[in-house]
Amino acid sequence: MAAFRGASAPASRRPNKPEQDTARVVVPFEDNRLLTQLLGEYDSHLALIEDRLGINAHAHGNVVILTGAANSCDIARGVLEKLYARIGKGETVGAGDIDGLIRHSRSEDTASDGQAQVATRRKVVKARTPTQSTYIRAIDKKDLVFGLGPAGTGKTYIAVAFAAHCLERGLVERIILSRPAVEAGERLGFLPGDMRDKVDPYLRPLYDALYDVLPPEKVERDIETGVVEIAPLAFMRGRTLSNAFVILDEAQNTTSMQMKMFLTRIGEGSKMVVTGDPSQIDLPFGTKSGLVEAVDLLANVDDISIVRFAAQDIVRRDLVAKIVDAYEKPKTG
């Protein structure tokens, strides 16, 4: 079993709370083998809960004792009990699961709905923020979803995971992933190699997400047979995309005409997800983003959902969120 820290947390993490605001909560667990996984190596999971919630947490025997603000202790207890239940089902848990449960527990908007997830044969992708849960549910219910927000919020990754989920269950016949190749002006002929060699640098993030949620051999086979197609936006012209899960990534770099062309490709039995960050437009000066225009025009259309992510939804790592916050702060002087 992992080594317990004992009754006292390190002074650097001990919250400085008035004595009258402090609660003490004892959380018992029956199976010590599961408890070992719950605590994490060297009680790392408890340390993370302490850091995120500003409480003290230590294990003693088969119980975890929480000390701190009553509301934070209640959240910590709920997180520990949910993690313990997952471990009991054979699931592995890590820092991302802890962060996700804490963020959901702090949100009143999704308190009743809980934490949404997408399952593929290779992995289960759990929402780590309330907005991610909203996004997953929107993709499930709507035929066209816009996911807007900064890098690191999981917009594209979740969309690809949902596409894989639908393909594995026979809900769609193919997956089509696309990006506008802005850096090359969609004129790829001067690049060396065959067409796949030419477009791979612009589409690599989509490949990475796909290989993470599906077995590599299946991805390669599906690409070869056309079940999975990864292509620049220019290749979508003149097509009707039926019974497909279609994702357009980096859509802030589409023009008005490109976006209209793409959106009107949707056919029967298809879902579309359009992702992008309106604050990172790389189009020539004076060219209006097709993403920005589409969101304005389609905001009130039925069967379309627009989900907006913010800096607090960044799950890549804390440093990314701090960088985004720094750039978004009003300039002074």
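## Salt bridges in this model

A salt bridge is a side-chain nitrogen of Lys or Arg within 4 Å of a carboxyl oxygen of Asp or Glu. Arg52 and Asp99 fit the bill, with their closest N and O atoms 2.6 Å apart. This pair ties together distant parts of the chain: Arg52 sits in helix α2 (residues 44-53) and Asp99 in helix α4 (residues 95-106), 47 residues apart.

Keep in mind that what you're looking at is a predicted model. The structure holds 13 salt bridges, and here's a look at a few of them.

## Arg52 and its partners

Which other residue does Arg52 form a salt bridge with? That would be Asp51, and here the closest N and O atoms are 2.9 Å apart. Put the pieces together and you get a network of salt bridges linking Asp51, Arg52 and Asp99.

Are the members of this network buried or exposed? Asp99 is buried, since its relative accessible area is 11% and the cut-off for buried is under 20%. Arg52 comes out as partly exposed at 24% relative accessibility, and Asp51 is partly exposed too, at 47%.

## Asp31 and Arg33

Another salt bridge joins the side chains of Asp31 and Arg33, with an N to O distance of 3.3 Å. What about the surroundings of Arg33: buried or exposed? Arg33 has a relative accessible area of 65%, and exposed means over 50%, so Arg33 counts as exposed.

Conventions: Residues numbered from 1 in each chain as written. Predicted model: local features only at pLDDT ≥ 70, side-chain atom pairs only at ≥ 80, totals over all residues. Heavy atoms only, no water. Buried < 20%, exposed > 50% of the residue type's maximum accessible area, 1.4 Å probe, protein only. Helix = DSSP H or I, 4+ residues; strand = E, 2+ residues; numbered from the N terminus.
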